Amino acid sequence: MKKIEAIVKPFKLDDVREALADVGVSGMTVTEVKGFGRQKGHTEMYRGAEYNVDFLPKVKLEIVVPSDQAERAIEAIMSTAQTGKIGDGKIFVYDVERVIRIRTGEENEDAV
């Protein structure tokens, strides 16, 4: 099994969720996060004063899928989250050793 973490722009969340559902992803965890990379921050105006926004709002998606489904999920995220502009985000892929559903005790693919 693979755990896929994707950091994307907030306005892309619904499109990514729909694309993942289309490839068979049945659940995910979504967290509102802030951060920066090459995009750095940007300058905004508030009541006539200029200030720096160092951490930009993003959304982090976490999904666990069978290994044979991982590539389709990654492609679905990339094709929908990509705008071609700086700050589109990142995708991280990890191996998952074990998953347990607390309620039933089911394990691994049955627990996902």
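## A first look at this predicted protein model

A compact globule of 112 residues would come out with a radius of gyration near 13 Å, yet this protein has 17 Å. Keep in mind that what you're looking at is a predicted model. Along the principal axes, the C-alpha atoms take up a box of roughly 55 × 30 × 20 Å.

### The overall layout

What is the secondary structure made of? It comes to two helices and six strands. Walk along from the N terminus and the elements go β-α-β-β-β-β-α-β. Of the 112 residues, 29% count as buried. The protein exposes about 7,700 Å², with carbon and sulfur atoms supplying 49% of that.

Now for how the chain meets itself. Take the contacts between residues at least 6 apart in sequence: 71% of them join residues at least 24 apart. As for charge, there are 17 positive and 20 negative ones, and their mean positions sit 6 Å apart.

### D88 and K9, two charged residues in loops

A good place to zoom in is D88, in the loop between α2 (67-81) and β6 (89-95). Is D88 buried or exposed? It counts as buried, because its relative accessibility is 15% and the cut-off for buried is under 20%. The D88 side chain has a polar contact of 2.4 Å with the side chain of T83. A polar atom of that same D88 side chain also lies 2.9 Å from the backbone nitrogen of G84. Setting aside residues up to four places away in sequence, D88 touches I7, V8, K9, A81, Q82 and T83.

K9 is on that list, so let's go there next. K9 is found in another loop, the one between β1 (2-8) and α1 (13-22). With 13% relative accessibility, K9 counts as buried. Skip its neighbours within four places in sequence, and K9 is in contact with K58, T83, K85, I86, G87 and D88. T83 turns up in the lists for both K9 and D88.

### K3 and V65, two residues in strands

K3 is found in strand β1. At a relative accessible area of 24%, K3 is partly exposed. Its side chain makes a polar contact of 3.4 Å with the side chain of E5. Which residues does K3 touch, not counting those up to four places away in sequence? They are E62, I63, V64, F92, V93, Y94 and V96. Of these, F92, V93 and Y94 fall within the residue range of β6 (89-95), while E62, I63 and V64 fall within that of β5 (56-65).

V65 has its place in strand β5 (residues 56-65). Its relative accessibility is 1%, so V65 counts as buried. Beyond the residues up to four places away in sequence, V65 touches M1, K2, I4, V25 and A70. Among them, K2 and I4 belong to the stretch given for β1 (2-8).

### E18 and some distances across the fold

E18 has its place in helix α1. E18 is partly exposed, at a relative accessible area of 43%. How does separation along the chain compare with distance in space? The table sets out three residue pairs, with C-alpha to C-alpha distances.

| Pair | Apart in sequence | Apart in space |
|---|---|---|
| E18 and A76 | 58 residues | 9.2 Å |
| V65 and E18 | 47 residues | 16 Å |
| K3 and N52 | 49 residues | 34 Å |

A76 falls within the residue range given for α2 (67-81), so the E18 and A76 pair links positions in α1 and α2.

### After the last strand

Two residues are worth a stop in the segment after β6. T104 has its place there, and at 39% relative accessibility T104 counts as partly exposed. The side chains of T104 and E106 are joined by a polar contact of 2.8 Å.

N108 is found in that segment too. At 25% relative accessibility, N108 counts as partly exposed. What is phi of N108 near? It is near 55°, a positive value in a residue other than glycine.

Definitions and conventions:
Residues numbered from 1 in each chain as written. Predicted model: local features only at pLDDT ≥ 70, side-chain atom pairs only at ≥ 80, totals over all residues. Heavy atoms only, no water. Helix = DSSP H or I, 4+ residues; strand = E, 2+ residues; numbered from the N terminus. Rg over C-alpha atoms; globule rule 2.2 N^0.38 Å. Buried < 20%, exposed > 50% of the residue type's maximum accessible area, 1.4 Å probe, protein only. Contact = heavy atoms within 4.5 Å. Areas by Shrake-Rupley, 256 points an atom, 1.4 Å probe, with all protein chains shown as cover. Lys, Arg positive; Asp, Glu negative; His and termini not counted. Charge placed at Lys NZ, Arg CZ, Asp CG, Glu CD. Polar contact = N/O pair within 3.5 Å; in protein donor to acceptor, adjacent residues only side chain to side chain.
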